[in-house]
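The following paragraphs lead the reader through one protein model, from a single residue outward to the whole. Please keep the sequence and the structure in view while reading.

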Amino acid sequence: MNRLCLRQSFWRHLRRSERLCSCSLSSDRFRIYTRKGDFGLSYNFAGQRLPKDHPIFEALGTNDELTSALGLAYQFCDETNNVQLTQKIEKVQCILQGIGSALATPRDETKSKKKL
């Protein structure tokens, strides 16, 4: 199969999965009400309250989306028996998991000062 056919087939799979998913990529979002209100803030891993538009949450979301897209690509490559590409995708996903972990866990200021 040439690259153009693979690319077209990949996007066809993606569109099909969007149709099957109950929560599409449209602007309609599920709403969860806790009756507490969040005042536009969210907690990070260390329990700090940060604004929801903080760059760390954007970076975490982008990393998650990339990992998810690679998971779909991995599945497609696995179905077509493309072993070399599945191995490469798996390595990239492992790296992205490490990046996500590093992003979610803030540096401990006391430890970084002691090293200096």
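**A helix pair and its surroundings**

Q93 has a relative accessible area of 18% and is therefore buried, since buried means under 20%. The model in which this value was computed is a predicted one. Q93 belongs to helix α3. When neighbours within four places in sequence are left aside, the residues in contact with Q93 are T67, L70 and G71.

One of these partners, T67, leads into a second helix. T67 sits in helix α2, which comprises residues 55–79. With a relative accessibility of 12%, T67 also counts as buried. Apart from residues up to four places away in sequence, T67 touches Q93, L96 and Q97. A further position to compare with T67 is I89: 22 residues separate the two in sequence, and their C-alpha atoms are 9.5 Å apart in space. The side chain of T67 also has a polar atom that lies 2.9 Å from the backbone oxygen of N63.

N63 is likewise found in helix α2. Its relative accessible area is 8%, so N63 is buried. Not counting residues up to four places away in sequence, N63 touches L96, I99 and G100. L96 thus appears among the contacts of N63 and among those of T67.

These individual contacts form part of a broader meeting of two helices. On the side of α2, the participating residues include I56, L60, N63, T67, L70 and Y74, while those on the side of α3 include L85, I89, Q93, L96, I99 and L103. How do the two helices lie relative to each other, roughly parallel or roughly antiparallel? The axes of α2 and α3, the latter spanning residues 83–104, come within 10 Å and cross at roughly 165°. Angles over 145 degrees count as roughly antiparallel, and α2 and α3 are therefore roughly antiparallel to each other. Their crossing is left-handed.

The loop between α2 and α3 contains N81. Is N81 buried or exposed? Its relative accessible area is 65%, and N81 is exposed because the cut-off for that class is over 50%. The backbone of N81 deserves attention as well: its phi is near 60°, a positive value in a residue other than glycine. Most residues other than glycine have a negative phi.

Attention may now turn to a strand. Y43 is located in strand β1, which covers residues 41–43. With a relative accessible area of 52%, Y43 is exposed. Leaving aside neighbours within four places in sequence, Y43 is in contact with Q48, R49 and F57. Y43 and F57 are 14 residues apart along the chain, and 9.8 Å separates their C-alpha atoms.

The whole protein can now be considered. It has four helices and two strands, and from the N terminus on these elements follow the order α-β-β-α-α-α. What share of the 116 residues counts as buried? The figure is 15%; Q93, T67 and N63 are among the buried residues. The accessible surface of the protein comes to about 10100 Å², and carbon and sulfur atoms account for 56% of that area. Finally, of the contacts between residues at least 6 apart in sequence, 42% join residues at least 24 apart.

Technical notes. Residues numbered from 1 in each chain as written. Predicted model: local features only at pLDDT ≥ 70, side-chain atom pairs only at ≥ 80, totals over all residues. Heavy atoms only, no water. Buried < 20%, exposed > 50% of the residue type's maximum accessible area, 1.4 Å probe, protein only. Contact = heavy atoms within 4.5 Å. Areas by Shrake-Rupley, 256 points an atom, 1.4 Å probe, with all protein chains shown as cover. Polar contact = N/O pair within 3.5 Å; in protein donor to acceptor, adjacent residues only side chain to side chain. Axes fitted to C-alpha atoms, helices over the stretch in contact; angles between N-to-C directions. Parallel < 35°, antiparallel > 145°, perpendicular 65-115°, else oblique. Left-handed = near helix turned anticlockwise from the far one by under 90°.
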